[in-house]
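Colleague: I have a model open and some questions about its fold. Can you take me through it?

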Amino acid sequence: MNVRARVKALIKKYRTRDPFEMIQGMNAILVYYPLDDGVRGFYQYYKRNNIIYIDERLSQHDRAFVLSHEMGHMFLHKTANAIFMDTRTQFNTQKYELQANKFAVELLIPDEIISENCQLTESQLARLTGYSEELIRLRLQ
């Protein structure tokens with residue numbers, strides 16, 4: 001699955017890389033709610049509806065990442081019920097989470113940021129963008 005190509009196609013279609021603008025043009029429901037137990041957001045496909053829940057207490061920067069991550073699940077794993085798999089089975093969902101993270105950083109960090117700052121270390125890029133070094137490494141792959 002080519003996550004990068006999928007993100008580029010969506011950016012071209014919606015003419016933006018802002019996940020909040022993109023989601024308005026999609027068949028999706030965005031719900032802000034105070035989530036518990038460290039859950040920052042989740043995606044649910046229910047009765048042919050795409051529903052994304054985001055913890056309303058997050059900063060705007062974190063909301064953008066969580067929304068992008070959950071959009072990754074929506075486009076890459078539409079019918080996979082990761083919450084069920086995590087809580088009720090021994091199935092390892094790490095692959096899904098990694099792909100959703102890749103989708104998010106491809107959407108949120110443009111190529112220009114990378115190319116214009118190619119002299120920076122991963123740590124410096126992380127500080128510049130506000131994302132973890134792990135996410136920067138994922139974006140640089």
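**Strands, core and helices**

Modeller: Strand S2 (residues 41-46) and S3 pair in the antiparallel sense over 6 bridges; strands pair if DSSP finds at least two bridges between them. This is a predicted model, where local features need pLDDT of at least 70 and side-chain atom pairs count only at pLDDT 80 or more, while totals for chains, interfaces and linings use all residues. Residues are numbered from 1 along each chain as its sequence is written, and side-chain values use heavy atoms, with hydrogens and water left out.

Colleague: How many helices and strands does the protein have?

Modeller: Helices (H or I, at least four residues) and strands (E, at least two) are DSSP runs, numbered from the N terminus. From that end the elements run α-α-β-β-β-α-α-α-α-α-α. The count is 8 helices and 3 strands.

Colleague: Which residue in S3 is the bridge partner of Tyr 32?

Modeller: Strand S1 (residues 28-33) runs parallel to S3, and 6 bridges join them. Gly 41 has Ile 54 as its bridge partner in S3. The S3 partner of Tyr 32 is also Ile 54.

Colleague: How many of the residues of S3 are buried?

Modeller: Buried means under 20% relative accessible area, with a 1.4 Å probe and protein chains only. Across the protein, buried residues make up 43% of the 141 residues. Strand S3 (residues 49-55) is mostly covered, and its buried residues number 6 of 7.

Colleague: Which helix gives the largest share of the largest nonpolar core?

Modeller: A nonpolar core is a set of buried Ala, Val, Leu, Ile, Met, Phe, Trp, Tyr and Cys residues joined through side-chain atoms within 4.5 Å. The largest one has 32 residues, and Ile 23, Ile 52, Met 71 and Phe 103 have the most contacts inside it. Elements that each supply at least two of its residues include helix H1 (3-14), S3 and helix H3 (60-76). The largest share, 7 residues, comes from H3.

Colleague: Roughly parallel or roughly perpendicular: how does H7 lie to H8?

Modeller: Axes are lines fitted to C-alpha atoms, for helices over the stretch in contact, and angles run from 0 to 180 degrees between N-to-C directions. The axes of helix H7 (residues 122-129) and helix H8 (residues 133-140) come within 8 Å and cross at roughly 105°. Angles under 35 degrees count as roughly parallel, over 145 as roughly antiparallel, 65 to 115 as roughly perpendicular and the rest as oblique. The crossing therefore makes H7, relative to H8, roughly perpendicular.

Notes:
Buried < 20%, exposed > 50% of the residue type's maximum accessible area, 1.4 Å probe, protein only.
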